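Work through these exercises with the sequence and the model side by side. Try each task before reading its solution.

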Amino acid sequence: MRRLVKTVAIDEVAGEHKAFGLDYYVLQKDVMFEGKTYTRYGLEICKRATRENGTPYLEYRKIFDLFHSEEEAEHVLLLLAAGAVTPISMKDILEDLLGTTEFVHEEVFVEAV
């Protein structure tokens, strides 16, 4: 399951007009461990933009299996959205917030130029 929690529109970066959108999702996944099913939650940030030549640009990062509750995942996701965290910086920010560098299940996509 993937649930959109917040969308943030960015119009300017470092004084330059570089508009893009950031979508923040909570990810839900059931995992089996020792014969029992557990629901785990992760986060996704998706960056959408349009290049100067008019072609679309997409970048995202998903990190799975971070939280035991949807509320905890949403709380952290809203902190990321408040800071307009992008997919590229997501992992570093989560390392600082959660105090870990162990992200076992991760998916990253950056559209080639």
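Helices are DSSP runs of H or I with at least four residues, numbered from the N terminus. By that rule, leucine 79 sits in helix 1 (residues 70-82). Keep in mind that the model is predicted.

**Exercise 1. Overall layout**

Task: State how many helices and strands the chain has, and give their order.

Solution:
- Step 1. Count the elements. The chain has two helices and five strands.
- Step 2. Read from the N terminus. The order is β-β-β-β-α-α-β.
- Step 3. Add the dimensions. Along the principal axes, the C-alpha atoms fill a box of roughly 55 × 25 × 25 Å.
- Step 4. Check burial. Of the 113 residues, 35% are buried.
- Step 5. Check the surface. About 7,000 Å² is exposed, and carbon and sulfur atoms supply 52% of that area.
- Step 6. Look at contacts. Take those between residues at least 6 apart in sequence: 55% of them join residues at least 24 apart.

**Exercise 2. A hairpin**

Task: Find out how strand 3 and strand 4 run relative to each other, and which residue between them takes a positive phi.

Solution:
- Step 1. Locate the strands. Strand 3 covers residues 36-50, and strand 4 covers residues 56-67.
- Step 2. Determine the direction. The two strands run antiparallel and are joined by nine bridges.
- Step 3. Find facing residues. Threonine 50 stands opposite proline 56 of strand 4.
- Step 4. Inspect the connection. Five residues lie between the strands, and glycine 54 has a positive phi near 90°.

**Exercise 3. Salt bridges across the chain**

Task: Trace three of the seven salt bridges in the structure. For each partner, decide whether it is buried or partly exposed.

Side chains of opposite charge can pair when their charged atoms come close.

Solution:
- Step 1. Start with glutamate 74 and arginine 3. Their closest N and O atoms are 2.7 Å apart. The pair spans 71 residues, from helix 1 to strand 1 (residues 2-13).
- Step 2. Classify this pair. Glutamate 74 is partly exposed at 27% relative accessibility. Arginine 3 is partly exposed too, at 28%.
- Step 3. Widen the view. Arg3, Glu70 and Glu74 are linked in a network of salt bridges.
- Step 4. Move to arginine 48 and aspartate 23. They form a salt bridge at 2.7 Å, N to O. Arginine 48 is in strand 3 and aspartate 23 in strand 2 (residues 16-33), 25 residues apart.
- Step 5. Apply the cut-off: buried means under 20% relative accessible area. Aspartate 23, at 7%, is therefore buried. Arginine 48, at 35%, is partly exposed.
- Step 6. Finish with lysine 62 and glutamate 107. Their closest N and O atoms are 4.0 Å apart. Lysine 62 lies in strand 4 and glutamate 107 in strand 5 (residues 106-110), so the bridge ties together parts 45 residues apart in sequence.
- Step 7. Classify this pair. Lysine 62 counts as buried at 18%, whereas glutamate 107 is partly exposed at 30%.

**Exercise 4. A nonpolar surface patch**

Task: Name the members of the nonpolar patch, and decide which element gives the most to it.

Solution:
- Step 1. List the members. They are Leu79, Ile93, Leu97 and Leu98.
- Step 2. Note the area. Together these four have about 290 Å² accessible.
- Step 3. Assign the elements. Helix 2 (residues 87-98) gives the most, with three residues. Leucine 79 belongs to helix 1.
- Step 4. Test leucine 79 against the cut-off. Patch residues need over 30% relative accessible area. Leucine 79 is partly exposed, with 42%.

Definitions and conventions:
Residues are numbered from 1 along each chain as its sequence is written. This is a predicted model: local features need pLDDT of at least 70, side-chain atom pairs count only at pLDDT 80 or more; totals for chains, interfaces and linings use all residues. Side-chain values use heavy atoms; hydrogens and water are left out. Patches are made of residues with over 30% relative accessible area and no salt bridge: like charges are joined within 9 Å, nonpolar side chains (Val, Leu, Ile, Met, Phe, Trp, Tyr) within 5 Å. Accessible areas come from the Shrake-Rupley method with a 1.4 Å probe; for residues, only the protein chains shown count as cover. A salt bridge is a side-chain nitrogen of Lys or Arg within 4 Å of a carboxyl oxygen of Asp or Glu. Buried means under 20% relative accessible area, exposed over 50%, partly exposed in between (1.4 Å probe, protein chains only). Two strands pair if DSSP finds at least two bridges between them. Contact means heavy atoms within 4.5 Å.
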